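I opened this notebook to keep track of what I looked up, one place at a time. The entries follow the order in which I went through the structure.

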Amino acid sequence: MKRRALRALTAVLAAVGSILMMSVVAGPARADVQICEKYGATTIAGGKYVVINNNWGDDTQQCINVTSSGFAITQGNHNKPQNGAPGSYPAVYAGCHYANCSTGSSLPMRVTDSRFAGIQTSVSMTYPGSAGVYDASYDIWFDPTSRTDGQNTGAELMVWLNHTGSVQPVGSRVATVNLAGGTWDVWYGNSGWNVISYVRTSPTSSISFNVSTFYNDMLSRGYVQNSWYMTSVQAGFEPWVGGTGLAVNNFSYTVGGGNNGGDTQAPSAPSNLRASNVTSSGVSLAWNGSSDNVGVTGYDVYRGSTLVGTTSGTSYNVSGLSASTAYSFSVRARDAAGNTSQASNTVSVTTTSGGGNPGGSCRVTYTKSEWAGGFTANITVGSASAVNGWTLAFTFPGDQRVTNAWNATVSQSGSSVTARNVDHNGSIPANGTASFGFQGTWSSSDASPTSFTLNGTACTTG
């Protein structure tokens with residue numbers, strides 16, 4: 001959510017890159033918004049697209065200038081080895097990425113949906129000669145489930161319009177094809193999910209294509225499955241050296257001309273929004289569902305004017321809030337054509353002080369997406385007091401086996417699992433949180449763990 005997503009020659013480094021796309025959402029976009037925060041983000045086109053700075057792989061400051069139709073890198077001083085991972089992936093996207101969703105995209109969407117064949121996207125970019133070493137690429141994600149948060153585990157489609165220096169996609173070159181008005185080298189690799197990259201043999205600064213054009217080619221090679229869902233369509237840059245001046249001038253994404261068979265009727269507004277379980281860092285929200293002439297597909301949850309998450313149900317747990325702080329929330333419904341309802345009533349809450357964290361000094365939230373024989377899990381660890389270096393331990397009640405992880409080093413012995421922080425998230429501030437996730441397999445039971453310890457101290461759950 002993928003990113004946050006990023007790829008390079010070294011698969012391991014590429015996998016690390018993609019999982020660090022944890023966006024900090026800013027307020028609603030206006031022309032010329034400057035973002036220098038490492039994971040800062042905002043929306044444009046009335047929330048139709050999200051723009052992310054996503055300086056995930058470097059400690060040098062990167063800044064982007066967000067316009068009404070795209071963005072430009074105004075400061076980028078990366079100097080990463082060209083045989084490793086890039087420094088960042090500033091991008092604009094439609095869909096969902098780590099629970100940060102744009103509005104009206106109809107994503108996630110199963111690729112067998114009749115509308116999938118009509119999904120079209122376009123981008124125009126600027127590549128100044130002084131920009132350094134980079135690739136300019138689309139990053140399009142697919143998952144076995146209709147997930148809106150966490151790391152996608154199906155396939156990642158990258159479409160490289162241009163690249164400089166000696167950088168290459170993950171994996172190795174397997175074919176050359178003619179698609180979408182150009183000739184492309186096809187690369188395949190695996191980073192815990194299939195990574196398929198189409199590298200244009202002659203660079204271009206603009207392109208317009210149907211996503212299904214590339215997807216059908218991937219399908220014919222056995223790299224994707226028709227039971228999967230597309231979750232996001234992203235366009236941006238992966239700079240290794242420099243980056244200043246690279247720009248997305250315009251980005252578009254449409255689904256079958258913008259509506260589903262002419263459906264322009266929005267759902268009714270959600271009602272009776274209410275809050276419960278207010279803590280120093282979170283709150284539980286619930287509401288009465290909306291109605292629609294075709295069908296409601298999901299709900300967008302807002303903190304003020306900022307989209308904080310999306311769900312297909314009528315409840316949502318908000319996390320990552322500050323202690324002793326007032327917040328207001330509202331919810332909007334979406335239908336299959338991307339029509340959005342009016343906002344629900346607004347509910348206001350004030351989080352408790354740090355000492356009001358119920359159940360002890362730490363709290364763990366465990367959420368999972370499951371399919372036959374496999375699953376992904378995302379874990380959020382909250383601490384009432386500051387933590388410098390953490391180890392989370394728990395036991396699987398079922399026969400799960402962890403196969404890969406992101407944002408933590410995870411080891412398993414029998415049913416016992418230990419997760420340790422990585423460099424970028426070892427410090428948890430007082431009343432703050434850290435998150436990580438993993439993918440695994442199971443045979444007879446995928447029951448969720450019921451108890452956790454943080455640095456040896458028992459935590460509450462939920």
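Entry 1, the surroundings of threonine 351. I began by listing what threonine 351 is in contact with once its neighbours within four places in sequence are left aside, and I found Val278, Thr279, Ser280, Leu321, Ser322, Ala323, Ser324, Thr325 and Tyr327. I note here that the model is a predicted one, so I treat every value as computed from it. Threonine 351 is found in the loop between β25 (347–350) and β26 (362–371). Is threonine 351 buried or exposed? Its relative accessible area is 4%, and because buried means under 20%, I wrote down threonine 351 as buried.

I then looked at the polar atoms of this side chain. The backbone oxygen of serine 322 lies 2.5 Å from a polar atom of the threonine 351 side chain, and the side chain of threonine 351 also reaches the backbone nitrogen of threonine 325 at 2.9 Å. Serine 322 and threonine 325 are both among the residues I had listed as contacts of threonine 351.

Entry 2, threonine 145. I turned next to another threonine, number 145, which lies in the loop between β11 and β12 (155–163). Threonine 145 has a relative accessible area of 13% and is buried. Which side chain does the side chain of threonine 145 meet in a polar contact? I found that of aspartate 143, at 2.8 Å. Not counting residues up to four places away in sequence, threonine 145 touches Tyr229, Ser369, Glu370 and Trp371.

Entry 3, the nonpolar cores. The largest nonpolar core has 53 residues, and I noted that Tyr138, Phe142, Tyr198, Met230, Phe251 and Tyr253 touch the most other members. Strand β11 (residues 132–143) gives the most to this core, with 5 residues. I also found a second, separate core of 23 residues, which includes Val364, Tyr366, Val381 and Cys459.

Entry 4, the sheet of 3 strands. I traced an open sheet of 3 strands in the order β19-β20-β23, with antiparallel pairing. The strands β19 (271–276) and β23 (315–318) are at the edges, and each pairs on one side only. Neighbouring strands of this sheet are turned by 20° against each other on average, direction ignored.

Going through the pairs, I found 4 bridges joining β19 to β20, and I also found 4 bridges between strand β20 (residues 283–288) and β23. Leucine 285 appears in both of my notes on bridges, as the partner in β20 of alanine 275, and with tyrosine 316 as its own partner in β23. The hairpin formed by β19 and β20 has 6 residues between the strands, and asparagine 277 in the turn has a positive phi of about 50°.

Entry 5, the sheet of 9 strands. I followed an open sheet of 9 strands in the order β30-β34-β27-β26-β36-β35-β29-β32-β31, and its pairing is mixed. Why is one side of β30 (401–406) and of β31 (409–413) left without a neighbour in the sheet? These strands stand at the edges, each with a single partner strand, so there is no neighbour on the other side. The twist averages 30° from one strand to the next.

At the β30 edge I looked at the pairing with strand β34 (residues 432–441), which is antiparallel over 5 bridges. Here the bridge partner of asparagine 404 is glutamine 439, in β34.

Note on methods: Residues numbered from 1 in each chain as written. Predicted model: local features only at pLDDT ≥ 70, side-chain atom pairs only at ≥ 80, totals over all residues. Heavy atoms only, no water. Core = buried A, V, L, I, M, F, W, Y, C linked by side-chain atoms within 4.5 Å. Buried < 20%, exposed > 50% of the residue type's maximum accessible area, 1.4 Å probe, protein only. Pairing = 2+ DSSP bridges. Axes fitted to C-alpha atoms, helices over the stretch in contact; angles between N-to-C directions. Polar contact = N/O pair within 3.5 Å; in protein donor to acceptor, adjacent residues only side chain to side chain. Contact = heavy atoms within 4.5 Å.
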